[in-house]
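This report describes one protein model together with its bound ligand. Please examine the sequence and the three-dimensional view before reading on.

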Amino acid sequence: MTPSDLPTTALPDGTRVPVLGQGTWNMGDDPRRRADEILALQTGLDLGLTLLDTAEMYGDGNSEELVGEAIRGRRDEVFLVSKVLPDHATRRGTVEACHASLRRLGADHLDLYLLHWRGRVPLAETVEALEGLRQSGDIRAWGVSNFDPGDLRELAGVPGGEHVATNQVLYNLTRRGTEFDLLPAAQARGLPVMAYSPVEQGRLAGNAALRAVAARHGVSDLQVALAWVLRQPGVIAIPKSGRAAHVRENRAALDLKLTGDDLSDLDAAFAPPHRAQDLEML
Ligand code: NAP
């Protein structure tokens, strides 16, 4: 399979993005890890994991700088996602934050720019700024993160709000609340959901139910956890790894097809939601 054969999903504007990308939280902070982290990101690019998720918040710009270094000379291969902090998400602050991110990334545009979570700035003001950035070509599309169904309804009522391209939320086997309402609603309207912390920051490793399924397929428990997130249409997973070997494993998780028995066993260990729950955040 060549990188271009990676399964994709469509953003509302028709742009196709790979369903498996790479996160970068906590990357770029430790100089001793830098070479390994860059190699990990580049290994991911070689394997087709070309959607890179970063944020101005991560290491106060360190992650964006690391990503900039990793993609130097390869910008055209990458679908670049960054995020504005809620406190910066004013009419002027959003534009300044975006330009600062672009400088750190060494890029002339972002493919997708997300409001990291809801803050005090009125949504209408942030959306106006994001729409301005889209029109000026600094960003190709914008979206939100950590928005619950009520936030999304409010967004729909704001001028330009219909241009939202994704909602990035916490989703993994231990965080299934979104399956009750948010995920089906997003799937019904063709809004991709970007699943962050898809392996619960590594804490799912060693879980007995995952281990049992993993043993049946001869894979690792985190590969099962990732394949489980990726089983859904319209879901993009962005695991973070600073190790090339783990990135390869994550890529291989895309080829793992979980059976009905696997899914029932995982449901028994990680109960699906039976009523609406508050959206969890990390
Ligand atoms: P995650 O991807 O669930 O887990 C990352 C951890 O899992 C790291 O410690 C990593 O260690 C380990 N790991 C990854 N693949 C592995 C493998 N195959 N085998 C063993 N260990 C593995 O957690 P996350 O970083 O919180 O979430 C992913 C990304 O989502 C973030 O990096 C960030 O880009 C985004 N995010 C967004 C928000 C938001 O509010 N929008 C919040 C949290 C995260 P190694 O590095 O050693 O491989």
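Asp60 is located in the loop that connects strand 4 (51–53) with helix 2 (62–70). In this predicted model, Asp60 is not a glycine, yet its phi is positive, at about 55 degrees. Most residues other than glycine have a negative phi. A second residue belongs to this topic: Asn26, which is also not a glycine, has a positive phi near 70 degrees. Asn26 is found in the loop between strand 3 and helix 1 (34–46).

The strands named above lead to the sheet. How many strands does the open sheet contain, and in what order do they lie? The open sheet has 8 strands in the order 3-4-5-6-7-8-9-10, and their pairing is parallel. Its edges are formed by strand 3 (22–23) and strand 10 (235–237), each of which pairs on one side only. Within the sheet, strand 8 (residues 167–170) and strand 9 (residues 193–196) run parallel and are joined by 4 bridges. In strand 9, Ala195 stands opposite Val169.

The remaining part of this report concerns the ligand. Where does the ligand sit? The ligand occupies the largest pocket. A shell of 28 residues surrounds the ligand, and the closest of them are Asp53, Ser145, Ser241, Arg243 and His246. By class, the shell consists of 9 nonpolar, 13 polar and 6 charged residues. Helix 9 (residues 244–253) gives the most to this shell, with 3 residues.

Polar atoms of the protein also lie beside oxygen atoms of the ligand. The table lists three such pairs.

| Residue | Polar atom of the residue | Partner | Distance |
|---|---|---|---|
| Ser241 | side-chain atom | oxygen atom of the ligand | 2.6 Å |
| Gly242 | backbone atom | oxygen atom of the ligand | 2.8 Å |
| Pro198 | backbone atom | oxygen atom of the ligand | 3.3 Å |

How much of the ligand's exposed area does the protein bury? Taken alone, the ligand exposes 890 Å², and the protein buries 90% of that area. Ser241 thus appears twice in this account: it is among the closest residues of the shell, and its side chain provides a polar atom 2.6 Å from an oxygen atom of the ligand. For Gly242 and Pro198, by contrast, the polar atom belongs to the backbone.

Technical notes:
Residues are numbered from 1 along each chain as its sequence is written. This is a predicted model: local features need pLDDT of at least 70, side-chain atom pairs count only at pLDDT 80 or more; totals for chains, interfaces and linings use all residues. Side-chain values use heavy atoms; hydrogens and water are left out. A residue is near a molecule or strand if one of its heavy atoms lies within 4 Å of it. A polar contact is a pair of N or O atoms within 3.5 Å; within protein, one must be able to donate a hydrogen and the other to accept it, and residues adjacent in sequence count only if both atoms are side-chain atoms. Accessible areas come from the Shrake-Rupley method with a 1.4 Å probe; for residues, only the protein chains shown count as cover. On a 1 Å grid over the protein atoms alone, a cavity is a set of points where a 1.4 Å probe fits but cannot get out, and a pocket is an open set with protein on both sides within 12 Å along at least five of seven lines; lining residues have an atom within 4 Å of a point. A molecule sits in a cavity or pocket if more than half of its atoms lie within 2 Å of its grid points. Helices (H or I, at least four residues) and strands (E, at least two) are DSSP runs, numbered from the N terminus. Ala, Val, Leu, Ile, Met, Phe, Trp, Tyr, Cys and Pro count as nonpolar, Asp, Glu, Lys and Arg as charged, and the others, Gly among them, as polar. Two strands pair if DSSP finds at least two bridges between them.
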